[in-house]
Each structure stands twice: as structure tokens, then as C-alpha cells.
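Welcome! Let us take a short tour of this structure, going from its annotation to its domains and then to one pair of helices.

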Amino acid sequence: MITGHGDDAYNYPDGIIGDFSSNVPYSHHGTLVAEHLCREVSRIHNYPDPQARQLTQALREHHHLNEGTDILITNGSAESFYLLAHLFSGSKSIITYPSFAEYEDACALYKHDITYLDLKEINISSVAGSRTLWFALPNNPDGYIMPIEKIRALCAEHPDTFIIIDNAYGELCPSSADLIPLHSEFPNLISVHSLTKTFAIPGLRLGYTIASTEVVSALQSYRIPWSVNSLALSAGLFIVRNYNGLRPDAHALCDESEQLQRMLGEIQGLEVYPSLCNFFLCKLLKGTAADLKEYLATQHKLLIRNADNFRGLTAQHFRVSVQGNDLNSLLCHGIKMYLQTV
């Protein structure tokens, strides 16, 4: 999956002026985190705390976690997915689609017996007999938000099934419900979180998993030592201590997304999937997403996410994330120009 990810401007040496391919918010306070790290760079001369105790405690307090629920700091969300797949090796697992391919890659590596189900068709009976269920809230790439009542019912009706939820974009979508309170009720709920998405530091690789103390303890035994470096831990602590001031304006991003969806929806030859997030899915009615991506990158210096490698999608699907009014307008113009060529 690594080579099929977004944010691959490195493939275009002539440069990109607008990167719509990554869901990381363009409007962020990442420079403040970078300035903090400049003051902390001497930390590279010492080993990081392998248990990330300061950041773990700060996040426990931030989320007001109850006894019996704990946190594991990881090298981005991806480490969490592979640790969880390892923990449940060989299990009967349900992976929803369309979804981030790392769930499938991790489960395949650890020999899970995988069943694939459309996320929107998941119900109480379809989960019966499975050891794990994997999905995202909100979902990537289409922004679908599973109702919190359904999540609660899944956890309650299947106590022997671990409900693994990728919550990487939860902070960027105000319409998405808060999962944290459910942890005190359901020890079978596991949520995976990303600081790199919300705070625009994907190069640092920093995330965490919230689960029962038993699950967190088990995951600890599978991880490699010092998987999270000193600078990432320092950045995480700085973020948690300045959380509200550093968090992007998710309402403004989603309002902008709604506007861009309307603009693109007016283009003949293009279908737009409604989303309440800062990103959304589109489908060409002629041409392919791969060709559109190449055309936009080389002719307009704009980058989109070709979504043809998401299970359940087609060669015509692509994903975009808002980039500001001026660049959004350039994207609409570029897509119109492409559709005139096919």
C-alpha cells in the first residue's frame, strides 16, 4: 500500500502548487510545532522513553480516561494496525470497504481469515462469529460516518468481538461522534488515533491506541523497542499541552469542503459523493482517475488521490481534500479542462 498512498509530490520533480491528495489539513499550526522542535533538537542525543510515560499520562488526562482503559503511544496509526493484527493473528476478521488498505495488509500479514463487507451494510447479524471488526470513523476515502448508536449496538451485542475503529480523522470532522465515552462501557472497543493528521506532522509518525488495560498490556509485548523517537514524543507533549490553540478550525475546513463539493458537482461528467468531512470522493463518468491525476500534476501542478486501489472502488474514483479557495478554483478549472480532452 505504501507506494499507492497520497501526498506523493516527490514523483513530480517540476513541483506541485496544490496538494489535494492528502487529508492533512492545509490550514494548520504546524510551524509552531516545528519551532518547538528546534528548541528540543538536543533530545536526539538520548534514547527516548520506550514507554512514553509523560505523553501517555498527558493523553490519559486529556481524554479523562477511567480506570481499566489505557493508552499505547505508537509510530503513527500504522504501527497500531500491525500490532493489533499481530495480537489477533489468525483470527476471523471483518474488514469494511472502501477503507484504508493498511487494515487489510496488516491482517493478511498475520494470516487472518478475512471477510470483506460494505461499511454501510454492516449490521448486528453480519458481525456474528468474528473475532475483530475493522472500520474508520469517519471513513476514508468517502467520509461516511457510522451512527454512534450503531457502534454502541455492535459493541454491546458482540462482547467477544473486538471493534477496532480508526479515528484518525475524528478531530477534523465535527459531525463525527466522540468515541472516548464508549471505552468505559465496552472493553471490546479499540480506537486508533493520529496526532499526525490533525496537527499536520505526518513526517514525525505519531499516534496512539485507546483500549482496555489488558489489550494495551498485550500490545506492549509485540512492539519493537523505542519505536517512537524523542522528537515525536516531545512534539506530542507540546501538542497535548497546547491542544485547543494548535487544533485546526475543523468547522471552517468542512464548510469549505461543502462549497467545493457544490462547485465540482456542477461539472458535467463528474459525480461527487456527499461528505461532512474536509475530504470527499469523486467519480469520473469518462476517463480514468490515473489519467486525471497525471494530467493535473503535469499540466496544472495539482495533485489528487487516485482511489482505484481502494477495495470496492473503480478506476474512475479519486479523492480530494480542500486546499483553500484559490486552489479549489484551480482544481475545478483543471478537471473541466481534462474532461474536454476525453
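Which residues does the UniProt annotation "domain: Aminotransferase class I/classII large" cover? According to that record, an unreviewed entry, the annotation covers residues 40–324. Keep in mind as you look around that this is a predicted model. Over residues 40–324, helix makes up 36% of the chain and strand 20%. The C-alpha atoms at the two ends of this stretch lie 32 Å apart.

**Two domains**

The domain assignment divides the chain in its own way, giving domain 1 (9–27 + 249–340) and domain 2 (30–245). Here is how the two domains relate to each other:

| Feature of domain 1 and domain 2 | Value |
|---|---|
| Separation of the centres, over C-alpha atoms | 27 Å |
| Residues in contact | 19 residues of domain 1 with 24 residues of domain 2 |
| Area buried between domain 1 and domain 2 | about 1700 Å² |
| Part of that area from carbon and sulfur atoms | 70% |

**A pair of helices**

Two packed helices are described by the angle between their axes and the distance between the axes. Now look at helix α3 (residues 76–87) and helix α8 (residues 213–220), whose axes come within 10 Å and cross at roughly 95 degrees. Because of that angle, α3 counts as roughly perpendicular to α8.

Which residues meet where α3 and α8 are in contact? From α3 come Leu83, Leu84 and Leu87, and they meet Val215, Ala218 and Leu219 of α8. By class, this contact of α3 with α8 has six nonpolar residues, with no polar and no charged ones.

Terms used
Residues numbered from 1 in each chain as written. Predicted model: local features only at pLDDT ≥ 70, side-chain atom pairs only at ≥ 80, totals over all residues. Heavy atoms only, no water. Axes fitted to C-alpha atoms, helices over the stretch in contact; angles between N-to-C directions. Helix = DSSP H or I, 4+ residues; strand = E, 2+ residues; numbered from the N terminus. Parallel < 35°, antiparallel > 145°, perpendicular 65-115°, else oblique. Contact = heavy atoms within 4.5 Å. Nonpolar A, V, L, I, M, F, W, Y, C, P; charged D, E, K, R; others polar. UniProt positions renumbered as here; feature names shortened; annotations may be inferred. Domains from an automatic or database assignment. Buried area = accessible area lost by both parts, 1.4 Å probe.
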